[in-house]
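Colleague: Could you take me through the reasoning behind the labels used for this model, setting each value against its definition?

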2 protein chains.
Amino acid sequence: MDSSLFIGVDIGGTHLRTALVDETGQIHHRTRTTTGIEAGPDAVLERLAAACRDLMKLAEADHKHVHAIGLGVAGKIDRIDGSVVFSPHLQPLNGYPLARNLVQTLGLPVVMENDCNAFGLGEAWKGSGQGIENWVGLTLGTGVGGVLILSGQLWTGDNLGFEAEIGHMIVDPHGPPCACGLRGCLEAHASASALCNGVKRAVQTGTLESGPLFDLLRSGQLTSESVYRCARSGESLATALFQRMGWALGLALASLFTVLGIRHAVIGGGVSHAWDQFIDPLWKTLRQSSSMLDAETAVIRRAKLGDDAAPLGAAYLAFSESRR
Amino acid sequence: MDSSLFIGVDIGGTHLRTALVDETGQIHHRTRTTTGIEAGPDAVLERLAAACRDLMKLAEADHKHVHAIGLGVAGKIDRIDGSVVFSPHLQPLNGYPLARNLVQTLGLPVVMENDCNAFGLGEAWKGSGQGIENWVGLTLGTGVGGVLILSGQLWTGDNLGFEAEIGHMIVDPHGPPCACGLRGCLEAHASASALCNGVKRAVQTGTLESGPLFDLLRSGQLTSESVYRCARSGESLATALFQRMGWALGLALASLFTVLGIRHAVIGGGVSHAWDQFIDPLWKTLRQSSSMLDAETAVIRRAKLGDDAAPLGAAYLAFSESRR
């Protein structure tokens, strides 16, 4: 039995998650800490290196050896240079050579990917994407991330530093404003931000003047989870916001399936826990908006690895790079 | 010097175009006749076989040999079965085993592709797509066709019988009706039909009550070329229709570049002759709607092979299949 192990790390705006993974995709150990971005990039590097050293010791105690490290980082990354180009939620890391510095600190090979691509690689390896040749992945969180697995490989396009930015596909040019500065992006309809902004706009325009969502907004406690709970209890604005989310997801997937000639999608991320609130309008719109594909043959799967997907995918990347 | 030649055929709703092509992509001879679809599928096969036999004789007279034939057919095709699944402009061919029957008639290998994919292969081989690894192609005609060249190869997705149907990407869910039954497809904004339908709607709704476009419609002489001529002379509705075309093309390309992480497009087809009328609004919208890509690095090329693109691409397919 091979004694090689790999470390996968998911570096998000809030949490830093690691996994110690073998070549079969089994997770031997996982850790979670805060990213601590407020202390600056060198502090993040130290925290990251400390987490990796802990896992390396655990591997040694088990007479195994960590072969390489994979990082999934929320943002635009430069694979060749090993640096973070731009991360909206980890802005102090912008321009910081995180992967390169980790190589120097630990003396191990380090590869870096966008966190949503890491999610896709994880789900492709051991999750809902297993055995599917071509699929589109979405992570519904604060924003909407995307990943494309084409011909069984992670699609990286022209290596422009972004790809599969499905959250910024424009589904409705007359739609609500998006954090990116445009209008009507998928993210402006189908993210935690979109849900909260929908409530804010209803209050601002006077269409919502009372009720639980109004109170939550006023007390600063409005979250996508609270919008979900309101939708479950039948509150009309919350229900309408999830209907709109499902509509936008159905529209985006219909166009993607038409353009790519494919029929599989995997949806994950924190907001995907509200599955029961958006999946029916998603399917309704997908059926109505598919001119080429027989929508009944489409497969929309829920991601199944949860928070393990990105660290696992990052470890897979380290594993596959080390075999090249 | 190799004496192998290949025949490429473009079978459209009106014309049947052939090209006798060598392995370097040089066209030795070309023919054009009407498809004659009104006489039924067997008559189309005969006409096709006759055109191929003529080219085979020309090849023999030159001491060369036709090795294989490639067909580009306007419609949904079954590559494996060698049959036409559904062709809106060649409906008598629906379900007809055109490629299989041509094999039996001529005793040569025959491969079949969608005509827009053949266009893409032709432009990739000898036209505006040469040397570009990843690009999206559009043909603006009666409808809007699409093709994707990814990693230097024709993208065929899950082999569902369609792919790169960019004309049926929904750019505006509140937009005008499309021939496919949906609303707001790219084709409903950026095709010859969209131009003519725009004039019809303006007359129906009473916003156009006189002028050259009104007269052309009434006399049954309205064509996309006449809308173009009116736009060139400054007619406001014609200008607005081309502005809308450019806007929709810019929006579709912005979303495609965002989703695929690529930056090259090639635009051909009869309506692309109206380039001067839609290219400025296309660029304006592309710049305004690109959140990830620096739009200044985008490259939008005009197809350069004209009617030769599809026969050449079909011949390329025959050539590349014969080498496998």
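Colleague: What makes the relation between chain A and chain B that of a two-fold axis?
Modeller: In this predicted model, chain B can be laid on chain A with an RMSD of 0.0 Å by a turn of 180 degrees and a shift of 0.0 Å along the axis, the copies being superposed by least squares on the C-alpha atoms of residues with pLDDT of at least 70 in both. That is the relation of a two-fold axis. In chain B, the C-alpha of B:Asp172 is the nearest to the axis, at 2.8 Å.

Colleague: Why is the pair of A:Trp125 and A:Phe319 called stacked?
Modeller: Rings of Phe, Tyr and Trp (its six-membered ring) pair if their centres lie within 6.5 Å, and planes under 30 degrees apart count as stacked, over 60 as edge-to-face and the rest as tilted. Here the centres are 5.8 Å apart and the planes at 15 degrees, so the pair is stacked.

Colleague: How do you know that A:Trp125 counts as buried?
Modeller: Buried means under 20% relative accessible area, exposed over 50%, and partly exposed in between (1.4 Å probe, protein chains only). A:Trp125 has 14% relative accessibility and therefore counts as buried, and A:Phe319, at 7%, counts as buried too.

Colleague: What makes the pair of B:Trp125 and B:Tyr316 tilted?
Modeller: Their planes stand at 55 degrees, with 4.9 Å centre to centre. B:Tyr316, at 26% relative accessibility, counts as partly exposed.

Colleague: Which conventions apply?
Modeller: Residues are numbered from 1 along each chain as its sequence is written, and chains are lettered from A in the order in which they are written. Local features need pLDDT of at least 70 and side-chain atom pairs 80 or more, while side-chain values use heavy atoms, leaving out hydrogens and water.
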